[in-house]
Structures are given as structure tokens and as C-alpha cells.
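Trainee: Please give me a close look at one part of this model, the question of disulfides. Then place that part among the other local features.

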Amino acid sequence: MSNILNLLPVLIFLILMLCISVYIQKSSQNDRKKDFAKDYFIGGRTLGGFVLAMTTAATYSSVSTFVGGPGMAWIIGYGWLYMAIVQVVVIFLVLGVFGKKIALVARRIDAVTIIDVLRARYQSNTLANLAALIIVAFFCTTMVAQFVGAAKLFEAVTGFSYFTGLTLFGLIVVIYTTIGGFKGVAITDACCAIAMIVGLGILLGAMMETGGGFTKIMGYISTNHPDMLEPLSAGKMPLSLYISQWLLVGICTLALPQSVVRGISFKSTRALHRAMIIGTIVIGAMTLVATWIGILSKGILTGSLAAYGGSVDNITPLTIIASMSPFWAGVTIIGPIAATISTVSSLLLSASSSIVKDIYMHHKQMQGHLVSNNTVRKFSLVCTIILGLIVYSIAITPPSVIWLINMFAFGGLETAFFWVLIFGLFWSKANKTGALAAMAGGVLVYCVTMALKLKVLDLHQIVLGIGCSLVFFLIGNALGQPHDRKTLETFFPEEYDK
């Protein structure tokens, strides 16, 4: 009976997400008949401020926000919370730095994807195809981590098997993403973000009751684990880790393509400004409260890590079980599962658009073939389903340490797109030779150093990846040729329309 009570809230939530996508699909039929790619992949540029904020926040927040991150906070303490503060500014940076600029450019060239923008800016099909392959590879890696994390959480809290959980929400998220497209994903993301905040509130209240209140929990931590109250956590949170994480999950995330693409989809400058404010508040609440809960769970789970399966990924589900009745545990895990499905749906759609719009459709157009709207529709739906099923299949045999897998994919995407986007949108002298060198060379350095576990000053490999990418860009840019005036007028009218 308790298993059913655990499962019921999650099942109702997933069915609700599916129903929303079906409704969006029906209400968007006329728009999709006119231009399927534009409606399916960017929602026809109609997002308002609230939905834009919530979908961006939900896309950035993932299962590591609710499982891996709090698990690390359980070990390290407040140092992990101080590190996480940098994530509060993520949405403000993404939409503030790129939002208006990329929206204006996208409307001038009728871009649907980030790769459309890069192809137009650098006039390079090679760069566009490389960017598409990188997006698909690292997005799939991230999606596997999300599926694994949510399925493990589902197994621990409900008592049903890992495979049952993976199949239940994995297939539903693939179906509703395929049906709803960008509008469906954006609206379900907004619902997911609300579910995350509600779930965190319920869990925090239950933990306070179970642990005897905040004062008692903190008294236990200060007496038995005083190092958790220190910024450096007695060496467990060194400055090198602060710097690495501030780059990896803070500053460099402004160039993540799954977040930047939101800048193409909003309907007005007013909506953008509202989204920046709302999104900053929402992401701050979710990230900091989730991390703080991880610290406080030390007063609930007082044993060693070995006693809890030897993995930080077990801390959140075990805290939920220890603090709640079966029904409320089922309600609470909606939050982490919502984080998973919102991230997966966004990445799945972006990966599908890279294949359909940026590779297939462009290749056909280069050959002089007109791709019909119906062909785009069929190919988009099939591609989204196949990608989702591939990720689902990989996740059946789960890799370990969700947080590390997620951070690896973050770093790869940041290395590939950080300088290419920043220089491409804000430096008129940037050229395709520099962009190709930065993207290919930077990702290669990052992946090799990750594989060989090479570090400089004990900093995460993102530092080497981003640093080398910058050097490669500047060298390649010096060797390459400037772009034609027409291209530069499109991207930098303030310089060339005088």
C-alpha cells in the first residue's frame, strides 16, 4: 500500500504534463501548418516573461541540483552553499548578456536555432555541423545523467524498481516532448519549476520536524562536524574547487546553448526584462534552498557515507524517506523528477533541432531541394523519438556519480560555445578560422584532460578547456580573413550602418 501512495502523486504529475502537451499540440496546429520548424523549435517567438523565466530556470536546474548537489553539501557543509551562490546570477547573465542581442539578430536572419546564428555570423557550414554534433553528443550525456538520477531517486523513495521508474517517466517525457514541441516544453517547464519549489518547501518543513527544529540540527552539526560551518571545510572545499565551480556552474554557463536559445523565443523586450528578474529569484530559491537542505540533512542522516551506500546520490532520497510518510514522500520527489524531465525535454528538443534544422534541412537547401512543411514535421517527430529512446536505452545500465557526469557535459558545452558566442556577437573582427580553432581545439583539450585527469593548480579541466579555447581563437583569428561587409552589417548595424 505504501508503494502505491508513493507512486500516485508522481503518476498524476506525469499524466498532467502529458495532457498539457496534447493541449498545446492541438492549439498550435494552425501555426505548425504555416511553419512547423519555427513553431516546434522556438514556439513562434511568443513566450511571455513568466514562462520564459520559468523555462530557463527549469532547464538550468537538473537532477544534480536536487540530488548530487545536496549530497555534496551533506559532506562539505556551508562551503558548498557559498560556492552555489554564484548560480543565482545565471539567468540574469544569460538573458542579460545574450537575450536582446541574439533576439534582434535572430529576427533579422529568421534564425530558429543557435546554430542558425553561428552559421550566419561565421559563414561556415563546417563550424555549424561541428556545433550540431557537439550539442547532440553532450546533450545526450546530460540526458543520461538526468534519467539515471531520477530513476535512482524513484527506486529509493517508492520501492519500485529502477527500471520501472526509468520507463515510467523516461517514456512519458519523450512522448510529451515529441507532441508538445517548444511551447509544450516551455509551459510544462513552468509547471515543473513550481513543483520544484513546492517540493523543496515540503521537504524542508518535514526535516525540521524530524530533526527537532533548526536549532537542534545546527547544534548537532556544530558539535559533531564543526568543519561544515567553515568556508573551506577543513580542506574539503579548497579555493581551487571554489574557482572551478564558479566557472563551471556560474560564469561560463551564460553560453550554454540550451539556455541561450531561450533568447530567440521571447515576444518583447518587456518580457525579457521580467524574465530576468523572475528567473533570478526562482533559480536562487531553488539552488540555495536545495543546497541548504543538503547541509541540514546531516542532522537527519547522522551516519557515515558508507552507511548510506557510499554515494552522495543516496543522501536526498534517504532524507526524504527518513522525514516523511509514503504519500508526502511521493509528493516531494515530484520536485527532483520535475527537474529531470524539464532538463531532458529542453535538451531533447534542442538536440533534435540540431539534427533536423541545422544538418538535414540545411543540407537539402544547399542541394537546391525545397523541404516541405510536412516532411519537416515527420522528420522532427521521428528524430525526437529516436534520440529519446537512445538515451533511455543507455540509462538502463546506469553510470555512477550523476553530479560528475552532468558537470562533464556542462564543461564540454561551455568550452565549445563560450568564446564562439561572445566574440561572434560582440566583436566584429571575429572570423570563422578563430571560431573553428576555438571550438574544435578547446573541446579536444577539455576531453583529453578529463580522460587523463590532468589539472593545473588542482583546478577543474574547464579552466584548461576555456583557456586553450581563447588562445586558439585569437591565433586562428589572426590567421583568418575578415568577413564581408553584408554579414557584419547584419550583426553590428551600429558600426556599419553609419
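**Cysteines first, then the rest**

Mentor: Start with Cys19, which is partly exposed at a relative accessible area of 47%. That label applies because partly exposed runs between the buried limit, under 20%, and the exposed limit, over 50%. Keep in mind that this is a predicted model.

Now the pairing. A disulfide requires two cysteine sulfur atoms within 2.5 Å. By this rule the model has zero disulfides. Cys19 takes part in none, and the nearest cysteine sulfur to it, that of Cys191, is 12 Å away. What about Cys191? Its closest cysteine sulfur belongs to Cys192. The two sulfurs are 6.9 Å apart, so they are too far for a bond. Cys191 is also partly exposed, with a relative accessible area of 24%.

Next, the surface. Leu232, Leu239, Ile243 and Trp246 make up a nonpolar patch. Together they offer about 380 Å² of accessible area. Take Ile243 from this group. Ile243 sits in helix 12, residues 239-248. Its relative accessibility is 40%, so Ile243 counts as partly exposed.

Then the inside. The whole structure holds three cavities of 30 Å³ or more. Look at the second largest, with a volume of about 140 Å³. Its lining has 17 residues. Thr113, Ile114, Val261, Ser350 and Ser353 lie nearest its centre. Four elements give two or more residues to this lining: helix 8 (114-122), helix 9 (125-158), helix 13 (257-260) and helix 18 (334-366). Helix 18 provides the largest share, with five residues.

Helix 8 leads to a backbone feature. Asp110 lies in the loop between helix 7 (90-109) and helix 8. Asp110 is not a glycine, yet its phi is positive, about 60°. Its relative accessible area is 40%, so Asp110 is partly exposed.

Asp458 also deserves a look. Phi of Asp458 is near 60°, again positive in a residue other than glycine. Asp458 belongs to the loop between helix 21 (432-452) and helix 22 (461-479). With 48% relative accessibility, Asp458 counts as partly exposed.

Back to your request. The disulfide count is zero. For Cys191, the reason is plain: the closest cysteine sulfur, in Cys192, is 6.9 Å away and so too far for a bond.

Note on methods:
Residues numbered from 1 in each chain as written. Predicted model: local features only at pLDDT ≥ 70, side-chain atom pairs only at ≥ 80, totals over all residues. Heavy atoms only, no water. Buried < 20%, exposed > 50% of the residue type's maximum accessible area, 1.4 Å probe, protein only. Patch = residues over 30% accessible without salt bridge, like charges linked within 9 Å, V, L, I, M, F, W, Y side chains within 5 Å. Areas by Shrake-Rupley, 256 points an atom, 1.4 Å probe, with all protein chains shown as cover. Salt bridge = Lys/Arg side-chain N within 4 Å of Asp/Glu carboxyl O. 1 Å grid on protein atoms, 1.4 Å probe; cavity = no way out; pocket = protein on both sides within 12 Å on 5 of 7 lines; lining within 4 Å. Points joined across faces, edges and corners; volume = space filled by probe spheres on them.
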